[in-house]
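Here is my note on the model you sent. The points are numbered so that you can reply to each in turn.

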Amino acid sequence: VQLQASGGGLVQAGGSLRLSCVASGRLYSSAVMAWFRQPPGKEREFVALTRWRRDSTLYAGSVKGRFTISRASAQNTVYLQMNSLKPEDSGVYYCARGIQWSIQGDEYNYWGQGTLVTVSS
């Protein structure tokens with residue numbers, strides 16, 4: 001499985017961005033797809049996750065109500081819609097694939113290359 005993330009960019013506070021993660025190869029229904037981010041100078045942190053074939057989602061408290069994770073199975077794509085962006089949302093965003101319902105990055109064995117999000121104040 002290979003993951004290709006895109007959609008990052010520069011946006012003003014209060015704006016929106018939609019990130020995409022296209023997966024190549026077969027994705028089993030039990031796969032878990034997640035987004036993590038790494039703010040400048042900080043550790044990587046969990047953002048959101050979903051099951052590939054089920055309507056189950058989980059969000060970090062800092063993004064709940066502002067971000068939405070979704071998937072388009074026919075396109076093998078997972079999205080992260082980010083609204084009401086704040087400067088503290090800035091960082092490199094990574095998509096990841098695993099099999100455990102987990103917010104721990106170590107549980108994920110496939111990672112995309114990252115896409116940079118910069119939110120200006």
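1. Gly 91 stands opposite Val 117 in S11. Bear in mind that this is a predicted model. Gly 91 belongs to strand S9, which covers residues 91-98. Strand S11 covers residues 115-120, and three bridges join it to S9. The two strands run antiparallel.

2. What does Gly 91 touch, leaving out residues up to four places away in sequence? The contacts are Gln 38, Pro 39, Pro 40, Thr 115, Leu 116 and Val 117. Val 117 is thus both a contact of Gly 91 and the residue opposite Gly 91 in S11. Gly 91 has a relative accessible area of 3%. The cut-off for buried is under 20%, so Gly 91 counts as buried. For a sense of distance, take Ala 5. Gly 91 and Ala 5 are 86 residues apart in sequence, and their C-alpha atoms are 14 Å apart in space.

3. S9 has other partners. Seven bridges join S9 to S4, and these strands run antiparallel. Within that pairing, Ala 34 stands opposite Ala 96 of S9. S9 also pairs with S10, again in the antiparallel sense, over three bridges. Here Ala 96 stands opposite Trp 111 in S10. Ala 96 therefore has Ala 34 opposite in one pairing and Trp 111 opposite in another, as the antiparallel strand pairs are defined by their bridges.

4. How many of the eight residues of S9 are buried? Six are, so S9 is largely enclosed by the rest of the structure. Gly 91, at 3%, is buried. Cys 95, at 1% relative accessibility, is buried too.

5. Cys 95 brings us to the disulfide. The structure holds one. Cys 95 is joined to Cys 21, with an S to S distance of 2.2 Å. The angle about the S-S bond is 65 degrees, and the link is right-handed. The disulfide links distant parts of the chain: Cys 21 is in strand S3 (residues 17-24), Cys 95 is in S9, and the two are 74 residues apart. Is Cys 21 buried or exposed? Its relative accessible area is 0%, so Cys 21 is buried.

6. Now the rings. There are five aromatic pairs in the structure. One of them is Phe 36 with Phe 46, an edge-to-face pair at 5.9 Å centre to centre and 75 degrees between the planes. Phe 36 lies in strand S4 (residues 32-38) and Phe 46 in strand S5 (residues 45-51), ten residues apart. Both rings belong to buried residues: Phe 36 has 1% relative accessibility, and Phe 46 has a relative accessible area of 11%.

7. Phe 36 has another ring partner, Tyr 108. This pair is also edge-to-face, with 5.4 Å between centres and 75 degrees between planes. It spans 72 residues, from Phe 36 in S4 to Tyr 108 in strand S10 (residues 108-111). Tyr 108 counts as buried, at 5% relative accessibility.

8. Which residues make up the ring cluster? Ring pairs link Phe 36, Phe 46, Tyr 94, Tyr 108 and Trp 111. Trp 111 is the residue that stands opposite Ala 96 across the S9 and S10 pairing.

9. Two arginines are placed over rings. Arg 44 lies over the face of Phe 36, 5.8 Å from the ring centre. Arg 18 has its charged end over the ring of Tyr 79, at 4.1 Å from the centre.

10. Two loop residues deserve a look at the backbone. Most residues other than glycine have a negative phi. Asn 76 has a positive phi of about 50 degrees although it is not a glycine. Asn 76 sits in the loop between strand S7 (67-72) and strand S8 (77-82). Ser 84 likewise has a positive phi, near 50 degrees, and lies in the loop between S8 and S9.

11. Are these two loop residues buried or partly exposed? Asn 76 counts as partly exposed, at 21% relative accessibility. Ser 84 is partly exposed as well, at 40%.

Note on methods:
Residues numbered from 1 in each chain as written. Predicted model: local features only at pLDDT ≥ 70, side-chain atom pairs only at ≥ 80, totals over all residues. Heavy atoms only, no water. Phe/Tyr/Trp six-rings, centres within 6.5 Å; stacked < 30°, edge-to-face > 60°. Helix = DSSP H or I, 4+ residues; strand = E, 2+ residues; numbered from the N terminus. Buried < 20%, exposed > 50% of the residue type's maximum accessible area, 1.4 Å probe, protein only. Lys NZ or Arg CZ within 6 Å of the ring centre and 35° of its normal. Contact = heavy atoms within 4.5 Å. Disulfide = S-S within 2.5 Å.
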